[in-house]
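Welcome! Let's walk through a protein together, one question at a time.

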Amino acid sequence: MSKSTPQIDLPGPQLNRNSPTPLHQQVYLFIREAISDGRLKANYRLPATRVLAVDWGISRNVVLLAFEQLILEGYLCSKTGAGTHVAACRSDELPVRPTTKPSRPQPKQATLTTHSLLRQAADNLISGCSVDREIIRPFQLSVPSFRDFPFSIWSNLATQVYRGLHIQHLGYDDAAGYRPLREAIAEHVQINRAVRCTADQVVIVQGTQQALYLAGSLLLQPGDAFWMEDPGYQGAVACLRAVGGIPCPVPSGPGGFDLDYAREHHPHARVVYLTPSHQYPLGGTMPYPIRKRLLDWAAQHEGWIIEDDYDSELRYSGRPLPSLQGLDQAGRVIYVGTFSKTLFPALRIGYVILPDASTARLFTRAKALLDRQSPAVEQMILAKFIQEGHFLRHIRRMRQLYKTRQTWLLEALRTVPGLCHTSAPDAGMHLIAWLPDHLDDRTVSTELAARGVTAPPLSTYTLVHRQPPALLLGYSAFTQEQLETSVATLASVLQQAAG
Ligand SMILES: Cc1ncc(COP(=O)(O)O)c(C=O)c1O
């Protein structure tokens, strides 16, 4: 081997001229691989590009392009007059490359060892983060019937919005949200939820979850107690815990929220999270006398009520019940609404209605700190959707559909031996199937999951006050056949459990 024209000490690359990977890329990968696995050592001087081109039967340009890339990435270095060498760095300093055969120990995985409040609260939240979109199976909860969503209307509106976008829509907007949407929501909740407000009190957020996080951050200092329905919505406990709140579970079984218990056992709490129109997950409605007493408590003790009105528009008989906010004379209620149940959760649009415009401005500043503003275009589409009457029409259709599906499920459940009874409220997207006392609802739920049926156990929604065993059965997204097949699986699991 002459010094001026060193031979590359390797068999040539196997180039595939029919491959979609360009030739220069194949040469680059070949040399990079040889350097990384040590076949080409540091300081090794590579043959001249024209020599390699001849040896490998390719054009010199191909080699030049590959060299250029390798020099750029630090695998090779080139000095005028001295040719091109393999870079003189240690092998473990070489740029990382994807490989299927690890030739050296992999770096240790970093672990997040902090125990921040957010970390602890997030660890406690057992569901809601990793959802397999492909598998929506009965009796999954809180899933609207996506197939019945009027996508053609939505996409027409989206096209109109995009066509009409002005330059100024691309900049930052008011962090409180797109004004026409706030106006449309204010009008809608006044008429349909008896909420008393103007658009100045409405702040658009990315769903209930963000509303609760912001409300909790503003209302609670670390260590402050808050009353929490038990059983209740885990997403709420997690948010309020994350900002330092200490949950004080208040029995909220079929008898409703036990205000006397709350006042006696946790007298220091000044914040309460409630789902008064449709208790989550049991489905009851808070009677007027308790509403009145709660509002009096809040007014007298400077307490705050966070009213989560997540699905009360999906009511099947009579008119939706008026909100707690509408009865509040002292400005102590923070009302939270969402489009996750009435439209679809991926929209990530919810709203908070504050007692007055100045509290709304404070809330808006907190929202701006968190994420500056919610995405504008979706807000514009939704505003049109509401203004043109599609929203109300869709809700009316879904009410009928879900009512029918609830009836199908109830009828199928009637044939299941060993099931105690069912509670099917006149609203919502799921019902409760109570199990015999000797059964463990988690075990039944696990057995059902193994057979392809999702039915969360009630016990995972309780904090301390135990409830009889029960399963939550969602029906809104499923056909009669799906519901009946899954009920048959439930029957067989219960039969097996009975021995
Ligand atoms: C009680 C309750 N509130 C609110 C929501 C909706 O949350 P988001 O608006 O963040 O999607 C849910 C979702 O399941 C819920 O169960």
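## A guided tour in questions

Q: In which loop is the place of Pro 281?
A: This is a predicted model, and we begin with a proline outside the helices and strands. Strand β7 covers residues 271-274 and helix α10 covers residues 288-301. Pro 281 has its place in the loop between β7 and α10.

Q: What is omega, about, for the peptide bond that joins Tyr 280 and Pro 281?
A: Most peptide bonds are trans. The bond that joins Tyr 280 and Pro 281 is cis. Its omega is about 10°.

Q: Which residue has a polar side-chain atom 2.8 Å from the backbone oxygen of Pro 281?
A: Let's stay with Pro 281 and look for its partner. The partner lies in strand β12, residues 430-434, and uses a polar atom of its side chain, 2.8 Å from the backbone oxygen of Pro 281. That residue is His 430.

Q: Why does His 430 count as buried?
A: A residue is called buried when its relative accessible area is under 20%. His 430 counts as buried because its relative accessible area is 6%.

Q: Which two residues are joined by a cis peptide bond with omega of about 5°?
A: Here is another cis bond to find. Its proline has its place in the loop between β5 (225-230) and α8 (234-242), and that proline is Pro 231. The bond joins Asp 230 and Pro 231.

Q: Which residues come nearest to the ligand?
A: Now let's visit the ligand. There are 13 residues around the ligand, and by class they are 4 nonpolar, 6 polar and 3 charged. Those that come nearest are Thr 208, Asp 308, Thr 338, Ser 340 and Arg 348.

Q: How much of the ligand's accessible area does the protein cover?
A: Start with the polar atoms: an oxygen atom of the ligand is 2.7 Å from a polar backbone atom of Thr 208, and a polar side-chain atom of Asp 308 lies 2.7 Å from a ligand nitrogen. Ser 340 has a polar side-chain atom 2.6 Å from an oxygen atom of the ligand. On its own, the ligand has 400 Å² of accessible area, and the share covered by the protein is 90%.

Q: Which helix gives the largest share of the shell around the ligand?
A: The helix we want runs over residues 207-219. The shell takes 3 residues from this helix. Its name is α7.

Q: How far apart are the C-alpha atoms of Ala 215 and Phe 363?
A: Ala 215 lies in helix α7, and it counts as buried because its relative accessible area is 2%. Along the chain, Ala 215 and Phe 363 are 148 residues apart. In space, their C-alpha atoms are separated by 7.8 Å.

Q: What separates the C-alpha atoms of Gln 160 and Gly 171?
A: Gln 160 lies in helix α5 and counts as partly exposed because its relative accessibility is 41%. Gln 160 and Gly 171 are 11 residues apart along the chain. The separation of their C-alpha atoms is 19 Å.

Q: What is the phi of Arg 348, about?
A: Most residues other than glycine have a negative phi. Arg 348, found in the loop between β9 (333-338) and β10, has a positive phi although it is not a glycine. Its value is about 50°.

Q: Which side chain makes a polar contact with the side chain of Ser 374?
A: Ser 374 is found in the loop between α11 (357-371) and α12. Ser 374 counts as buried because its relative accessible area is 3%. At 2.8 Å, its side chain makes a polar contact with the side chain of Lys 367.

Q: Which element supplies the largest share of the largest nonpolar core?
A: This core has 32 residues, and among those that touch the most other members are Trp 154, Phe 339 and Leu 382. Elements that each supply at least two residues include α5, α6 and β4. The largest share, 7 residues, comes from α12.

Q: How far apart do the C-alpha centres of domain 1 and domain 3 lie?
A: Let's finish with the whole chain. It is divided into domain 1 (23-93), domain 2 (117-132 + 147-390) and domain 3 (393-498). Between the C-alpha centres of domain 1 and domain 3 the distance is 65 Å.

Methods:
Residues are numbered from 1 along each chain as its sequence is written. This is a predicted model: local features need pLDDT of at least 70, side-chain atom pairs count only at pLDDT 80 or more; totals for chains, interfaces and linings use all residues. Side-chain values use heavy atoms; hydrogens and water are left out. A residue is near a molecule or strand if one of its heavy atoms lies within 4 Å of it. A polar contact is a pair of N or O atoms within 3.5 Å; within protein, one must be able to donate a hydrogen and the other to accept it, and residues adjacent in sequence count only if both atoms are side-chain atoms. Accessible areas come from the Shrake-Rupley method with a 1.4 Å probe; for residues, only the protein chains shown count as cover. Helices (H or I, at least four residues) and strands (E, at least two) are DSSP runs, numbered from the N terminus. Ala, Val, Leu, Ile, Met, Phe, Trp, Tyr, Cys and Pro count as nonpolar, Asp, Glu, Lys and Arg as charged, and the others, Gly among them, as polar. Domain bounds come from an automatic or database domain assignment. A nonpolar core is a set of buried Ala, Val, Leu, Ile, Met, Phe, Trp, Tyr and Cys residues joined through side-chain atoms within 4.5 Å. Buried means under 20% relative accessible area, exposed over 50%, partly exposed in between (1.4 Å probe, protein chains only).
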